[in-house]
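Reader: I'd like to talk through a structure with you. Could you put it up so we can go over it together?

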Amino acid sequence: MAHILVVDDETSIRTVLSVLVKSLGHEAVMCSNGEQAIDVIQSDQSIDVVMTDLRMNEVSGMDVIASVKRHRPQTPAIVISAYLSEEKLKEIRAIGAFGHIAKPFRMDAVRETIEAALSAAPLPPEE
Amino acid sequence: MNTAADNIIHALGLILSNTAVYGSQHAVTRQAGQSCFRLLQQAWASGDIKINITEQGLSVNHDVVVSRSPLVKHFVEHIEQREITNVILRKVMTEEQFLAFLEVLNAKPEELEQLGGFGGALEAVALSDVVGVRNVVYREVADDQTVVAKKRNATLDEPVDNGRATDGDSDNGAVMREILAFLRGDDNGMKNETAQQIREKGADAAQLADLILTAAETKAFKTPHAADENASDTLVECLHRAYRAMTQDPSFHTQKTKKQIQRTLTLLKSELLQKLQGKDDIAFAACENAIRDAIEGIHDELAIDALAQEYAKKWKAVNSSEKRILRYLKRTPTETIEQSELKQRLMDSGLDDDNWRELLLKSGVSQAELDRQEKQEGISKAVGGVAETLKKLQQDIAQADGAAKLSKQDIRGIQTQIDGVVRQTEKSIQTLIDEIGGKPRDARSQTERPNLTRKRLFEILAEIGQELCQPLSVINCSVDMLRDGSLGDIAEMQKEMLDTAADSGQKIQKLIDKLIAIAGRPKGLAVDKSIQSELYEE
């Protein structure tokens with residue numbers, strides 16, 4: 001079972017993603033803003049994947065990804081946002097995002113991206 | 001067979017490797033740290049542990065490390081990158097101090113450089129007594145002097161003015177010392193260059209947090225009573241100086257820069273609190289509330305500043321608009337002013353009659369003319385009065401229905417009243433139309449549309465497209481999960497309904513696609529020019 005951090009300022013999006021994550025057999029940790037998410041990223045070492053909205057007040061999804069890359073460089077971060085241009089997609093890749101899910105999203109897209117992120121996350125090294 | 005020296009280096013290498021992969025707080029990293037500390041405790045039975053890198057290789061207490069495992073190699077590369085050649089772990093070291101030592105050891109080379117090297121960083125976290133280290137140091141030398149020796153435990157504050165650095169990047173070292181001196185308040189004035197450097201560091205909240213903490217700690221170290229009196233005050237002072245540097249930005253007056261500073265402060269708070277949690281020093285660990293209060297205070301200050309600026313801007317805009325309106329009113333014939341589109345717009349925007357009269361007087365309309373207009377207003381009031389009477393009649397009828405059945409005579413009386421009022425109203429309205437000589441208000445409003453520019457219209461459509469994506473995601477995903485059976489079994493009829501819902505979702509999605517194709521994406525999702533330029537440089 002993986003721990004997946006879901007960051008979105010829209011309650012309904014958080015709810016549906018939480019249900020979906022749980023239906024996949026994982027644990028969902030919810031944050032309603034970027035600041036809260038950065039606190040969790042820094043303090044909760046059990047987070048395996050981060051899923052974040054891009055457009056949020058004050059601390060944006062870009063800031064959340066930057067924090068993941070700084071504090072937990074091996075943790076895959078997935079951006080959830082409306083349609084993005086190729087240039088914007090390059091940007092989010094450049095700052096270290098693992099993948100992107102476009103809104104309005106379907107269940108399969110979310111499921112496949114989470115599975116890909118989890119298989120990309122490194123296993124603990126053998127001592 | 002591995003020696004004790006091999007085991008210690010292997011254990012240290014494992015910690016570094018795990019930290020790189022999982023972070024310092026991950027369970028596997030902490031476990032590696034605990035195992036290593038137990039090994040060190042065994043070795044400390046014979047005295048301090050000296051780790052050396054020489055041309056002959058790596059040694060622990062003069063025993064050469066023979067293992068060539070990847071972890072040993074990783075350890076060597078790691079400390080070479082940080083220009084460390086000699087470390088002494090003293091046997092008085094506690095496990096907490098060892099963990100703090102690992103944090104310093106894991107710092108990036110550039111972070112250590114900012115803190116004055118590995119020795120400086122150890123000093124900053126008060127580990128100098130338990131860890132000895134040799135690395136490079138900046139100090140003043142004469143042009144003809146050759147420096148061959150290295151000094152133990154570099155300090156942050158050795159003078160470099162008028163001198164030349166012996167090793168490393170002297171310019172950067174000097175700048176860092178200037179920044180720290182400014183943050184500590186050693187230097188009351190602020191050079192533009194120093195302020196600029198601090199602003200640049202602000203782009204990386206973690207780096208700026210390190211600088212503020214180092215400045216606060218070294219200040220406390222330099223003046224011990226300062227730490228005793230109130231460590232939080234020292235830290236907050238350093239934070240305020242960093243903020244002062246941010247306000248020196250030439251573009252500080254713009255809302256964009258202010259918002260950027262607010263964002264930096266939010267991230268800085270998070271970093272400072274995180275770093276304070278890892279501090280052993282009780283005085284500094286107790287600074288959390290002070291940091292929260294200070295940053296909240298700065299946020300308030302920025303918000304008030306932004307409000308004041310916005311107010312001044314709007315006030316100027318109002319003045320400017322009023323001048324233009326007055327010019328327009330002067331040009332407009334008095335008899336048509338009252339029917340002007342301008343009046344209608346102003347009234348729709350909330351201007352009241354008194355404000356309108358004031359405007360007219362300012363524009364030069366005479367009091368006599370205003371009196372004539374009063375008569376027209378009287379007609380309007382009469383119409384309003386009729387409306388009020390109708391309302392009252394309606395209430396009377398409702399009450400009568402509720403209380404007792406009305407007689408035919410009563411009803412006829414009421415009908416007569418209503419007929420009279422309706423005729424009076426029609427007459428009054430017609431009079432009003434004749435007076436103003438224009439179209440009825442309702443007819444006018446039907447032909448009027450908000451004067452939106454094409455660009456603004458597209459911006460609004462783009463926002464609508466974006467907003468529609470949110471609920472549609474929820475609908476699509478929920479329907480998908482239900483159809484899929486992820487949330488439990490469903491009956492055949494329910495499935496049919498869900499299929500229909502899914503089809504409808506697809507149709508809406510196509511409409512949104514079209515909308516976005518026409519209107520584009522909202523501003524917030526536009527590309528970032530600075531990142532783009534970096535991408536294309538690559």
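Author: Before we start, helices and strands here are DSSP runs numbered from the N terminus, with at least four residues for a helix and at least two for a strand. Also keep in mind that this is a predicted model.

Reader: Fine. In what order do the elements of chain A run from the N terminus on?

Author: Chain A has 5 helices and 5 strands to place. Reading from the N terminus on, they go β-α-β-α-β-α-β-α-β-α.

Reader: And in what order do the strands sit in the sheet of chain A?

Author: The sheet is open, and its 5 strands pair in parallel. Neighbouring strands are turned against each other by 20 degrees on average, ignoring direction. Across the sheet of chain A, the order is S2-S1-S3-S4-S5.

Reader: Why do S2 and S5 of chain A each have one side left without a neighbour in the sheet?

Author: Strand S2 (27–31) and strand S5 (99–102) of chain A stand at the edges. One side of each is left without a neighbour in the sheet because each has a single partner strand.

Reader: Let's go inward. Which residue of S4(A) is the bridge partner of A:Thr52?

Author: S3(A) and S4(A) run parallel and are joined by 4 bridges. For A:Thr52, the bridge partner in S4(A) is A:Val79.

Reader: What angle does H5(A) make with S5(A)?

Author: H5(A) packs on the sheet, where it touches S1, S3, S4 and S5 of chain A. Its direction against that of S5(A) comes out at about 170 degrees.

Reader: Which residues have the most contacts inside the largest nonpolar core?

Author: That core has 39 residues. Elements giving two or more residues to it include S1, H1 and H5 of chain A, together with helix H20 (454–484) of chain B. A:Val50, for one, is in contact with A:Leu5, A:Ile41, A:Val64, A:Val68, A:Thr75, A:Ala77 and A:Ile78, leaving aside neighbours within four places in sequence. The residues with the most contacts inside the core are A:Val50, A:Met51 and A:Ile78.

Reader: Last one: which helix gives the most to the side of chain A that touches chain B?

Author: The contact takes 41 residues from chain A and 41 residues from chain B. Helices H1, H2, H3, H4 and H5 of chain A each supply at least two residues of chain A's side. By class, that side has 18 nonpolar, 8 polar and 15 charged residues. With 6 residues, the helix that gives the most is H1(A).

Key: Residues are numbered from 1 along each chain as its sequence is written. Chains are lettered from A and ligands numbered from 1 in the order in which they are written. This is a predicted model: local features need pLDDT of at least 70, side-chain atom pairs count only at pLDDT 80 or more; totals for chains, interfaces and linings use all residues. Two residues are in contact if their C-beta atoms, placed from the backbone, lie within 7 Å. Ala, Val, Leu, Ile, Met, Phe, Trp, Tyr, Cys and Pro count as nonpolar, Asp, Glu, Lys and Arg as charged, and the others, Gly among them, as polar. A nonpolar core is a set of buried Ala, Val, Leu, Ile, Met, Phe, Trp, Tyr and Cys residues joined through C-beta atoms within 7 Å. A residue is buried if 20 or more other C-beta atoms lie within 10 Å of its own, exposed if 12 or fewer, and partly exposed in between; C-beta atoms are placed from the backbone. Two strands pair if DSSP finds at least two bridges between them. Axes are lines fitted to C-alpha atoms, for helices over the stretch in contact, and angles run from 0 to 180 degrees between N-to-C directions.
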